[in-house]
Amino acid sequence: MLARALQSSSASLPAMIKLNQGLNMKLTLIFILTGALVCRAEEPAAGRWEGKLHIPERELQLIVDLAQDNGGTWKGSIIIPGLNVKGAALADIMAKGSDLSCTVKGFLSPQSSGPAKLDGHLTGHSTLAGNFLEGGNSAPFSLQKTGPAQVEDAPRSSPLSKELEGEWRGEYEALGYKRQVTLKLASHADTGGTADFVIVGKRVNNLPVDLVTLEGRFLTVDSHETGLSYEGRLRNGELAGVVIQNGTEIPLNLHRAK
Amino acid sequence: MFRGDAAHTGLCAGTAPREFHRIKWKFPTGNRIVSSPVWSDKILYFGGDDGNVYAVDAETGRQIWKRATGGPVPATPAVADGTVYIGSYDGKFYALDAHTGELKWKFRTEGERRFEAKGIHGFQPKTQTIADPFDVFLSSPVVAQGAVYFGSGDGNLYAVDTVTGEERWKFKTGDVVHSSPAFADGVLFIGSWDSYFYAVDATTGKEKWRFHGGEDPLVHNQVGFQSSPAVANGVVYTGCRDSNLYAIDAATGKEKWRFNNELSWVITSPAVAQGKVYFATSDSSLYHVLDAATGKSILHQKDKAYMFSSPTVAGDVVLIGVLNGSLVARDAKTGNTLWEYQTELSKENRGWVLNADRTFNGPFVFLSNWREDPIVSADRQFAVGAIFSTPLVVNRIVYFGSTDGFMYALE
């Protein structure tokens with residue numbers, strides 16, 4: 001969701017400039033800069049926030065980065081060193097007056113209870129405190145503003161070549177079961193590569209793909225939510241590669257669907 | 001002995017309470033308790049991961065004696081003819097006076113160890129051999145024909161004379177044996193982590209037959225018999241890490257039926273009573289009751305977390321421990337929960353190991369599959385007062401141990 005918001009906002013900037021072709025470019029720039037300054041002045045939530053998350057018998061370091069783009073859309077990321085969470089994107093960021101809430105995207109999301117959530121309240125410009133909710137549990141956090149935001153942008157999918165687009169099929173065996181794989185690749189001007197990734201074993205698994213990258217001839221399809229990836233190289237009209245789960249690699253060659 | 005009798009049926013004489021009233025007593029030890037208690041002449045015997053073997057007054061919860069060994073004791077003792085038999089991680093097997101705890105003899109095996117493999121469960125680096133943190137039990141002995149029989153991490157099934165402590169024979173398998181042997185009609189039944197389940201003549205130590213379970217050369221996750229078998233009416237029932245519960249003909253070793261649990265381990269040792277098999281699973285956290293003759297499902301109930309503890313049938317109640325720190329009492333007929341007891345550590349939920357609904361909180365438990373993280377993760381998981389121990393019911397009192405270090409008596 002955040003990636004889409006960023007993409008739409010970056011696409012809107014040239015559109016805005018086009019609409020304002022008749023205006024003086026200097027004036028436009030002043031307008032944008034002033035807007036940004038006004039926003040920053042009005043939104044004390046923006047910045048880098050550092051402090052502690054106080055879960056029972058365990059204190060975790062917590063770092064939250066929050067910023068607004070030129071269009072006023074919030075973006076953010078979170079770091080929890082004790083949980084291997086580094087730069088996870090924040091979503092559903094709501095800042096109203098001194099109240100702030102957001103969810104953690106892709107990480108810390110037990111299936112039973114949905115994404116982790118921060119519910120906070122700003123005191124002045126330098127203190128953000130509230131509750132961290134995860135897995136049905138709730139614990140207080142307290143943060144201090146330490147400087148400007150250093151939001152980590154979510155990685156973006158790259159455009160795919162024509163020879164990769166389309167439907168690919170293959171089969172692999174793991175833990176005694178055969179799995180049929182279908183990978184439908186497409187390339188879009190705005191969002192880059194996308195993939196429908198379906199693995200059929202004992203049941204049909206439609207894997208939520210959040211990242212498709214092509215580096216040279218090396219294709220990677222990631223489903224971070226499920227921890228499953230496919231890596232392959234295009235060779236002689238075939239994708240030769242591996243499916244990876246929990247660090248275990250199983251060969252999987254994909255052929256064009258007929 | 002473990003599971004109540006030599007055949008390991010998991011039956012307790014008498015009935016368990018259908019309602020929880022109170023904690024009768026709690027007995028503290030110095031470390032986790034994985035061992036299951038056994039009862040003999042009003043005394044409870046069990047091992048502790050603090051390295052001690054304990055004898056505790058079953059009525060008052062007062063210590064009668066403790067005997068130090070050289071390592072953790074996550075095994076369940078057998079008590080016969082005034083002697084307590086139990087193995088320790090120090091690689092030795094002990095015979096202790098049941099009244100005083102004095103050493104009668106000790107037998108040295110070739111050494112204990114955990115099941116281990118490169119890339120086990122997908123742990124990384126995959127080229128490094130890593131011990132399996134879920135290999136939590138040691139083999140518990142069975143006593144018959146003047147010998148005590150037990151498995152060992154050295155891959156052997158041992159027969160040791162109960163009086164002299166001398167080895168009668170040893171039977172070599174291909175890997176760690178932490179399953180506990182069941183005995184019926186002069187035959188021992190036991191599984192190994194080498195993927196085979198064995199029937200061995202108790203007198204000679206010669207193999208009668210072997211049964212091949214699943215293999216998993218990729219990540220060694222779906223392989224090995226960690227569950228201990230039960231024998232009833234000429235059929236051996238055993239769980240396996242290959243996710244099956246097997247029913248095997250005790251005379252021939254031929255499979256009668258299997259019940260598959262879709263990649264979920266069956267670590268629990270099945271209980272067999274009144275034509276039904278009771279068992280539970282790990283990852284899928286399901287409590288199952290099957291028809292013992294056909295393997296068809298009679299009922300199943302979803303629990304909150306993994307179950308390694310084995311079900312105990314006491315009258316119309318089935319009791320089982322859960323790794324989230326709960327002991328669950330179920331109606332034997334319907335499978336419905338009658339009552340639950342939650343350990344204090346489970347309630348405290350340090351480090352948010354549990355979600356509010358008491359399922360495991362993945363992101364806070366499993367950091368990564370690299371280096372020590374899986375070991376630390378398992379340790380965290382076990383730190384909520386997990387109940388590996390199999391409950392015992394005597395005189396309507398329920399006894400079990402927890403990783404919070406306490407032996408409990410509930411009524």
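**Figure 1. Cross-strand position of B:Gly321 in the predicted model.** B:Gly321 stands opposite B:Leu327 of strand β30(B) in this predicted model. The strand that comprises residues 317-322 of chain B, β29, is joined to β30(B) by 6 bridges, and the two run antiparallel. Between β29(B) and β30(B), the hairpin has 3 residues. B:Gly325 in this hairpin adopts a positive phi near 90°.

**Figure 2. Strand β30 of chain B and its burial.** Strand β30(B) spans residues 326-331 and is mostly covered. Of its 6 residues, 5 are buried. Strand β30(B) pairs with β29(B) through 6 bridges and with β31(B) through 5 bridges, and the arrangement is antiparallel with β29(B) as well as with β31(B).

**Figure 3. Pairing of β30(B) with β31(B).** Strand β31 of chain B covers residues 337-342. Within β31(B), B:Tyr341 is the bridge partner of B:Leu327, the residue that B:Gly321 stands opposite. The hairpin formed by β30(B) and β31(B) has 5 residues between the strands. In its turn, B:Gly335 shows a positive phi of about 80°.

**Figure 4. Contacts between chains A and B, with confidence values.** In the complex, 22 residues of chain A are in contact with 27 residues of chain B. The side of chain A that touches chain B consists of 8 nonpolar, 10 polar and 4 charged residues. For the complex, the predictor gives an ipTM of 0.70 and a pTM of 0.84. Chain B has a mean pLDDT of 96, with 100% of its residues at 70 or more.

Note on methods:
Residues numbered from 1 in each chain as written. Chains lettered and ligands numbered in written order. Predicted model: local features only at pLDDT ≥ 70, side-chain atom pairs only at ≥ 80, totals over all residues. Contact = placed C-beta atoms within 7 Å. Nonpolar A, V, L, I, M, F, W, Y, C, P; charged D, E, K, R; others polar. pLDDT = per-residue confidence, 0-100. Buried ≥ 20, exposed ≤ 12 C-beta atoms within 10 Å, placed from the backbone. Helix = DSSP H or I, 4+ residues; strand = E, 2+ residues; numbered from the N terminus. Pairing = 2+ DSSP bridges.
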